[in-house]
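Hi,

Here is the structure I said I'd send over. Have a look at it first, then read my notes underneath.

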Amino acid sequence: MIRKIIKIDEGKCNGCGECAAACHEGAIEMVNGKAKLTREDYCDGLGDCLPACPTNAISFEEMEAPAYNEAAVLAAKKDAAPLPCGCPGSNSKTIHRQVCDTSQPAAPISSRLAQWPVQIKLVPVNAPYFDGANLLVAADCTAYAYGNFHNEFMKNHITLVGCPKLDSVDYSEKLTAIIAGNNIKSVTVVRMEVPCCGGIEHAVKQALLRSGKFIPWRIVTVSTDGRILD
């Protein structure tokens, strides 16, 4: 069948492995220091790996490929072996973020904040840091609920935060102006599982549609007890 699937430019790939870690389906593996799409039937075509790639080596392509096999993906995740410390395997889509026992205290995490201000209502739509940016749009509570928020989401991103319930506004107009008026490379939305967070997800989706641009994007949901749900 002809469908949308990722394509990896081996010449651009620097072997960092970020795309393989970002692929929830386990379709990408590192082979001889390069990222490879080893299972086309595991690739769902949503592109979670695109914003993770620091060299823009990944793109979408319409091509002949087997249909996405969700049953096989779920079976592979179920069979994934746990890590030696007892933490879940890394290809589990619902990841319980556990810390393995260690005799040494954890090193403090440095801030990954790349710009100021961060509130959606306050940020200027034409700020120079939007040029070529990987954009993170996050609900306020996510940084408190998810302990490794700075390293996993804010790193190498321009961060915008807000709460549609407390602000009582529709962010879509502001976000449309930012996306349409700047060279945004990707958009990641991090929201809480609670219903009121649907407002920030809806605003980003509307902004992407209104901008008229095709930009890789993904939605990440955090549970109230600090787990990544999808």
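Below are my notes on the cores and on two single residues.

A bit of housekeeping: this is a predicted model, so local features need pLDDT of at least 70 and side-chain atom pairs count only at pLDDT 80 or more, while totals for chains, interfaces and linings use all residues. Residues are numbered from 1 along each chain as its sequence is written, and side-chain values use heavy atoms, with hydrogens and water left out.

The largest nonpolar core (buried Ala, Val, Leu, Ile, Met, Phe, Trp, Tyr and Cys residues joined through side-chain atoms within 4.5 Å) has 23 residues. F130, L135, V137, L160, L175, I184 and V187 have the most contacts inside it. Two or more residues each come from β5 (134–139), β6, α6 (172–181), β7 (186–192) and α7 (198–211); helices (H or I, at least four residues) and strands (E, at least two) are DSSP runs, numbered from the N terminus. The largest share, five residues, is from α7. Apart from this core lies another, of 20 residues, including C23, A57, A65 and A72.

Now T159, in strand β6 (residues 158–162). T159 counts as buried because its relative accessibility is 2% (buried is under 20% relative accessible area, exposed over 50%, partly exposed in between; 1.4 Å probe, protein chains only). Beyond four places in sequence, T159 is in contact (heavy atoms within 4.5 Å) with L113, Q115, V118, L136 and M154.

A180, in helix α6, is partly exposed, at 39%. Leaving aside neighbours within four places in sequence, A180 contacts S211 and K213.

Cheers
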